[in-house]
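Here's a quick briefing to read with the model open. Have a look at the strands and helices first, then work through the notes below.

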Amino acid sequence: MKHNTALLLLLACSFSLYAQKSSDKKIKPRNEFIPELMAKMTIDEKISQLVQYTADGTVTGPKTGINYIEEIKKGNVGSILNATSVKYTRELQELNLKNSRLKIPLLFGYDVIHGYKTIFPITLGEAASWDLKAVELSARVAAEEAAAAGVHWTFAPMVDISRDPRWGRVSEGSGEDTYLGSKMAVARVRGFQGNDLMAANTVLACTKHFAAYGAAEAGRDYNTVDMSERVLRETYLPPFKATVDAGVGTFMTSFNEISGVPATGSKFLLRDVLKGEWGFNGFVVTDYTAINELIPHGFAKDSANAGELALRAGVDMDMVGGIFMKNLKKLLQEGKVTEAQINDACRRVLEAKYDLGLFHDPYRYNNEKREKEVIYKKEHLEAALDVAKKSMVLLKNDNNVLPLRKEQKVAFVGPLVNDEWNIIGSWAASGDRYGYAVSVQEGVNKVVTDKGKVTFDKGVEIVDPRRDMMQAALDNARKADVIVAVMGEFENMSGEAASRTSIDLPGIQKEFLAELKKLNKPIVLVLMNGRPLTLNWENENMDAILEAWFPGTMGGDAIAQTLYGMNVPSGKLPMTFPRNVGQVPIYYNHKNTGRPYLGPTDPEQKYKSRYIDVDNSPLFPFGYGLSYTTFSYSNLKLSSKTVNMNGSIKVSVDVANTGNYDAAEVVQLYIQDNVGSVTRPVKELKGFEKVMLKKGEKKTVEFTITPEDLKFYNIDMQFTAEPGDFEVTVGGNSASGLQDKFVLVK
Ligand code: NOJ
């Protein structure tokens, strides 16, 4: 977890570098400036602040036919998404300011999810690092580059918890766990927004998709969600709330309905919970045409009705759909919405623009020189490499086939072996692929100087069933000491609108692996994919498996350095890998049921909560990941066996590096509340720490548990901790560890 000084500086300097400039207009403080401005605004001008259109560059949703240039000329636009580069955003800003009577600047938004040009691992991969500093750094670099290219606002972090790997958008989130997801969400907000939004190298963040989008039925994108308020509040909402507490500037509604009410029309979610209970002061943008979609949802009868329901529910800005522009004024005249509602939404949007410094200088993000200097900066590429290395998860390593040795003859095969397109993953913002991303082949060639030791062959495609390249690959593989197969999904098989019913390796990749297996050589499978895959056969037949996710611009270097032992894998799964898709949804913090199945040694095999054709356990549990070294856990100690409502308990454990490599280990703390007024999960992650241990080194890791960590929504929907017995487990994954107990007393 060593960050070099340059990287640490990057994290620290988000406010000093580009804060208030002498060229800035001297304007009044926000609490005077905004009311005075609003007092001058007509109702049309106020409504225009609630309107966002897409520039025609990137298509990130259905086309609407609205001409954004014409709308800007009419002074009808508050924000534009998908316009990037200093030059283009300057042109649009100039056009806007020419046509805006009160010179209100446009806000430029863009999906900067895991990097702007320098692309980091997909978000799910970053979560596998369990390294909050690394994730914050990734968001910081993304903000630096995006801000330098005219972008004010990113539609990230995506904090949707999901327990369903069929859903393609798991690639954009931090996985299945509420605790890990909340920590990651906060790290990202900090990275994007820095310490000072006014600094021109920070961007406004947007927590999305509010809410429960990741629980879409059957993992099908945009599908219905039906869940209890308890599960919503306990499992799905905490990462959102954590970002509000961390000061996130904006929120995005989700496409789905929850228990009959589309999120974009949900007063409960937006006004009651977000703006009410949580006191969120930023603004809420819808997802792409989500107000329009209230009609096919069967929630609004026409576009006017949709606009009315959305504004009343608490939406402040209409993304792309044009519904607010078309209807709000008339709705106001008819008394269906109030001026106070429009004013409130307008104020929130203007305040965000103020906080970014756009009233001080609408061009503070438009500096060509800075754009050239900042994008693909050396430190950014170093940071991307660092995070990619930390995100690698070693799933299997029989007979220590990894790390490879440079004197071995290695046949690299597979469709992703020389790939510069897929390796940066989906939602890769403006990231360049060909000519910029480092392929595995390029990475290996940097590490292995004796070119006679390595061969590279595609063998098969990802999906296309053509077999004409297979023989050449097999011929080279036959001559090698070790085979490394680099396989996985196309980048666009995960992300938005990319749900799958089979989560096997696509195409004939497995068939090719079976041919390779016949050669009787050790085989290492390196995977690039945006979701957990079903890998039963691979697990049985491959000697080693390295989960590399889509590792980003520097991915090939990260993989090569990991394969050859210059990096020791330390990632842990942020999502359960099922044995087959029939086990989905599958997650570690499930309930026990009244008939829990104890596994193959259970004396009662019938009438238990189990499948008859496959074990209940996953193939690889949440939190799992091997290393080239080994760790041993011992000496679990609780500072006390009881704790009262105002107290705390210290849990300590000794972790020793018992193998041959210096390496990092993610020490995980899980708690089970044995009995509750409502049933509780079998365990829940409540703490983790990534520790670096030199070979032979032992460290004591300490956690503090307070009653706050034990709270849940009780039978009366009060968020409280109930006295009783608790089980503590500390270990290197969610399925094993040292255990002890304590009692919470009144
Ligand atoms: C739709 C996606 O759901 C959302 O995540 C994204 O931010 C918007 N499109 C804008 O591109």
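One open sheet here has three strands in the order E17-E19-E22, with antiparallel pairing (strands pair if DSSP finds at least two bridges between them; strands are DSSP E runs of at least two residues, helices H or I runs of at least four, both numbered from the N terminus). Strand E17 (631-638) and strand E22 (698-705) sit at the edges with a single partner strand each, so one side of each has no neighbour in the sheet.

This is a predicted model: local features need pLDDT of at least 70 and side-chain atom pairs pLDDT 80 or more, while totals for chains, interfaces and linings use all residues. Residues count from 1 along each chain as its sequence is written, and side-chain values use heavy atoms, without hydrogens or water.

**E17 and E19**
- E17 pairs with strand E19 (residues 649-657) in the antiparallel sense over six bridges.
- Tyr-633 lies opposite Val-655 in E19.

**Strand E15**
- Six of the six residues of E15 are buried, so the strand is largely enclosed by the rest of the structure (buried means under 20% relative accessible area with a 1.4 Å probe, protein chains only).
- Ile-523, Leu-525 and Leu-527 point one way, and Val-524, Val-526 and Met-528 point the other.
- E14 runs parallel to E15, joined by six bridges, and Val-486 has Val-526 as its bridge partner.
- On the other pairing, E15 and strand E16 (residues 544-547) are parallel over four bridges, with Leu-527 opposite Glu-547.

**Helix H19**
- Gln-509, Phe-512, Leu-513 and Leu-516 are the buried residues of H19 (residues 509-517).

Methods:
Buried < 20%, exposed > 50% of the residue type's maximum accessible area, 1.4 Å probe, protein only.
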